[in-house]
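Subject: Structure handover

Hello,

Here is the structure you asked for. My notes on it follow below.

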Amino acid sequence: MCSSDLNDLAVRAGRVLVVSGPNAGGKTVALKTLGMAALMARAGLALPVAEGSRVGWFDPVSCDVGDDQSIARNLSTFSAHVTYLGAVLAAARPGALVLLDELASGTDPEEGAALAAAVLESLAAKGAAVAVTTHYELLKTLAVRDERFENASVGFDLAAMSPTFTVTLGIPGASSALVVAQRYGVPEAVVARARSLLPEHAGSREDVLRRLHDEERAARMVRAAVEDESRAIARLRAELEAERNALRAREQSRLSREGQELLQALRAAREELREAEQRLRRKKAAEAELREAERAIARVAEAVSVTGPIGRALDAQKGGDRKSTRLNSSHLVISYAVFCLKKK
């Protein structure tokens with residue numbers, strides 16, 4: 001399996017990928033892409049595919065692409081292809097990759113389609129991984145009744161009258177031969193006459209396949225829009241998370257700074273209380289010293305009270321808890337000091 005920004009392509013042992021769609025739509029390009037990926041992997045070369053892609057080791061890699069008719073060798077278009085098919089069938093085995101472009105073309109359409117189906121069934125039974133391009137309706141319908149077959153298609157933009165070179169897995173493609181013929185210069189009157197000669201079911205089938213492609217293209221656009229929105233949401237979530245982390249870091253820094261300031265304030269209050277206590281313990285304390293000690297104790301009491309600066313800081317640190325153990329302990333110390341002062 002390999003994938004790029006535009007296409008996913010997958011082949012597996014014992015399975016057949018049937019690629020259909022309009023001429024000049026990119027079927028052969030898809031086939032050659034698979035072959036190049038397999039050969040580049042064998043040569044040890046880096047592949048231009050998306051991360052997570054897997055490319056197996058295929059041996060041999062067999063292909064029949066293009067036209068090898070030759071008058072000198074008495075080979076028509078069909079006989080040249082059949083000659084290659086014999087060699088491909090002989091070499092098919094598990095681990096082989098087989099790529100067939102317009103299998104069994106150049107002959108009666110019904111017989112060619114029957115031969116193509118038989119060849120593909122034989123290759124799948126031998127365990128080869130197979131990819132084939134075709135316009136045969138019989139091969140497109142094989143995927144409905146045989147689980148070894150899978151449809152894929154290339155797109156064609158009818159509005160722009162140009163191929164999209166986008167491969168869609170799981171959906172067969174309309175050949176759009178008349179549309180392509182008109183694009184390349186066949187007079188409109190001739191195309192209209194050809195359309196009138198088509199069986200009614202052929203036109204209906206082409207219309208159904210086009211609608212399927214239109215719906216798939218619309219679904220792909222919706223998926224792309226959803227993926228873009230998901231990536232935008234992920235980026236926004238990452239930005240919000242980064243901003244929240246930055247705010248948390250700033251808040252922690254602020255709390256740490258305020259905590260240091262609170263600790264310094266408590267140390268200063270404790271030192272002032274110690275000095276006041278020393279004054280009270282003197283045997284002959286002057287009246288002025290007693291009043292100064294009383295004022296010092298009052299200042300410390302105010303500082304650590306609920307409404308004081310230290311009390312407010314503690315309240316903020318504790319989230320509004322006015323019953324902290326540290327605050328109550330400070331109040332007990334101050335109350336005891338005031339009692340000693342009054343006793344003196």
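One term is needed from the start: a residue is called buried under 20% relative accessible area, exposed over 50%, and partly exposed in between, using a 1.4 Å probe and protein chains only. Accessible areas come from the Shrake-Rupley method with a 1.4 Å probe, and for residues only the protein chains shown count as cover.

The model is predicted, so local features need pLDDT of at least 70 and side-chain atom pairs count only at pLDDT 80 or more, while totals for chains, interfaces and linings use all residues. Residues are numbered from 1 along each chain as its sequence is written, and side-chain values use heavy atoms, with hydrogens and water left out.

The whole chain

The chain has ten helices and eight strands. These are DSSP runs numbered from the N terminus: helices are H or I with at least four residues, strands are E with at least two. Of the 344 residues in the chain, 33% are buried. The chain exposes about 20700 Å², and carbon and sulfur atoms supply 56% of that area. Taking contacts in the chain with a separation of 6 or more, 65% are between residues 24 or more positions apart; contact means heavy atoms within 4.5 Å.

The sheet

Six strands form an open sheet with mixed pairing, in the order β4-β5-β6-β3-β7-β8. Its edge strands are β4 and β8 (162-169), each of which pairs on one side only. Two strands count as paired if DSSP finds at least two bridges between them. On average, neighbouring strands of this sheet are turned by 15 degrees against each other, direction ignored. Axes here are lines fitted to C-alpha atoms, for helices over the stretch in contact, and angles run from 0 to 180 degrees between N-to-C directions.

At one edge, β4 pairs with β5 (residues 97-101) in the parallel sense over four bridges, and V61 stands opposite L97 in β5. The side chains of β4 (residues 61-64) alternate: S62 and D64 point to one face and are buried, whereas V61 and C63 point to the other and are not.

At the other edge, β7 (residues 149-157) and β8 run antiparallel and are joined by five bridges. V154 stands opposite V167 in β8. Helix α4 (residues 137-145) lies across β3 (16-20) and β7, at about 130 degrees to β7.

Salt bridges

How many salt bridges does a search of the whole structure find? The count is six, where a salt bridge is a side-chain nitrogen of Lys or Arg within 4 Å of a carboxyl oxygen of Asp or Glu. Three of them are described here.

D59 and R93 meet through their side chains at 3.9 Å, N to O. This pair links distant parts of the chain, 34 residues apart: D59 is in the loop between α1 (27-42) and β4, and R93 is in the loop between α2 (77-91) and β5. D59 is partly exposed at 36% relative accessible area, and R93 is partly exposed at 38%.

D146 and R148 form a salt bridge at 2.9 Å, N to O. D146 is buried, at 14%, but R148 is partly exposed, at 27%.

R231 and D228 form a salt bridge with their closest N and O atoms 2.2 Å apart. Both lie in helix α7 (residues 200-281), three residues apart, about one turn of the helix. R231 is partly exposed at 43%, as is D228 at 40%. Elsewhere, R42, D59 and R93 are joined into one network by salt bridges that share partners.

Regards
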